[in-house]
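Reader: I'd like a close look at one part of this protein, the salt bridges, and then at what surrounds them. Could you walk me through it in one go?

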Amino acid sequence: MFSDNKKPRTMTELGGQPNRIEKNTKIKGDIISEADLRIDGKLDGNVKTSGKVVIGKGGYIHGKVECVNADIEGSFNGELLVSDLLSLKASAVIEGTVSVTKLAVEPGATFNASCTMKGKGGVSTSSSSSTTTSSSASSASSGSSYKQPLSTSTSGSAKAS
């Protein structure tokens, strides 16, 4: 019961417990965390995490976000740097500049951003687009071209070179 042979407790998750900013919460400032972050409220500032950022349907971020993965249902305006996968849900609205390795876009998402995609060998492709997806989902992974066509319903264009 009181022996000295106790093993120290270890956290099962690398970054600890996920952080949440609930709806009706407004934050002005920067957030730095090793854990995942979910935002259902409003954030005017920068986020840096070695985890995943989720912007819920009613969530909004205005600023710079640096993360490994991101799932966006709400709105984002600013600079978005995702080192792996960015997933845009149908209700997502993105404006600004985006840098990703992999991109998945559901039909209905609004993507008004200058986008840079980084490939496996550090090769990057870039495009400037004003796109609202409509009839088919599009996704792009690392490489120099899109594997599926991107269907647009606005007057912008999306391309990779």
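Author: Here is a walk through the salt bridges, followed by the core, one tyrosine and the confidence scores.

First, some ground rules: this is a predicted model, in which local features need pLDDT of at least 70, side-chain atom pairs count only at pLDDT 80 or more, and totals for chains, interfaces and linings use all residues. Residues are numbered from 1 along each chain as its sequence is written, and side-chain values use heavy atoms, with hydrogens and water left out.

The structure has six salt bridges, a salt bridge being a side-chain nitrogen of Lys or Arg within 4 Å of a carboxyl oxygen of Asp or Glu. One of them joins Arg 20 to Asp 40, at 3.5 Å from N to O. That pair links distant parts of the chain, 20 residues apart: Arg 20 sits in strand S1 (residues 19–21), while Asp 40 is in the loop between strand S4 (37–39) and strand S5 (42–44). Strands here are DSSP runs (E, at least two residues), as are helices (H or I, at least four), and they're numbered from the N terminus. Arg 20 is exposed, at 53% relative accessible area, whereas Asp 40 is buried, at 14%. For those words, buried means under 20% relative accessible area, exposed means over 50%, and partly exposed is in between (1.4 Å probe, protein chains only). Arg 20 and Asp 40 also belong to a network of salt bridges that takes in Glu 22 and Arg 38.

Next up is Asp 71 with Lys 52, where the closest N and O atoms are 3.0 Å apart. Asp 71 is in strand S9 (residues 69–72) and Lys 52 in strand S7 (residues 52–55), so this bridge ties together parts 19 residues apart in sequence. Lys 52 counts as partly exposed, at 28%. Then there's Lys 64 with Glu 66, with 3.9 Å between the closest N and O atoms. Both ends are partly exposed: Lys 64 at 29% and Glu 66 at 26%.

Now for the core. A nonpolar core is a set of buried Ala, Val, Leu, Ile, Met, Phe, Trp, Tyr and Cys residues joined through side-chain atoms within 4.5 Å. The largest one has 29 residues, and Leu 86, Leu 88 and Val 98 touch the most other members. Strand S14 (residues 110–118) gives this core its largest share, four residues. Leaving out residues up to four places away in sequence, Leu 86 touches several residues, including Ala 70, Ile 72 and Leu 103; contact means heavy atoms within 4.5 Å. Leu 88 has Val 105 in S13 as its bridge partner. Strand S11 (residues 85–88) and S13 pair in the parallel sense over four bridges, and two strands pair if DSSP finds at least two bridges between them. S13 (residues 102–105) has Leu 103 and Val 105 on its covered face, with Lys 102 and Ala 104 on the uncovered one.

As for the tyrosine, Tyr 60 is in strand S8 (residues 60–67) and is partly exposed at 28%. Among the residues Tyr 60 touches beyond four places in sequence are Ile 39, Gly 41 and Asn 77.

Last, the confidence: pLDDT, the predictor's confidence in each residue from 0 to 100, averages 77 over the chain, and 64% of the residues score at least 70. Residues 8–13 fall below 50, and beyond near neighbours in sequence that stretch has two contacts in the model. Residues 133–161 stay under 50 too, with 74 contacts beyond four places in sequence.
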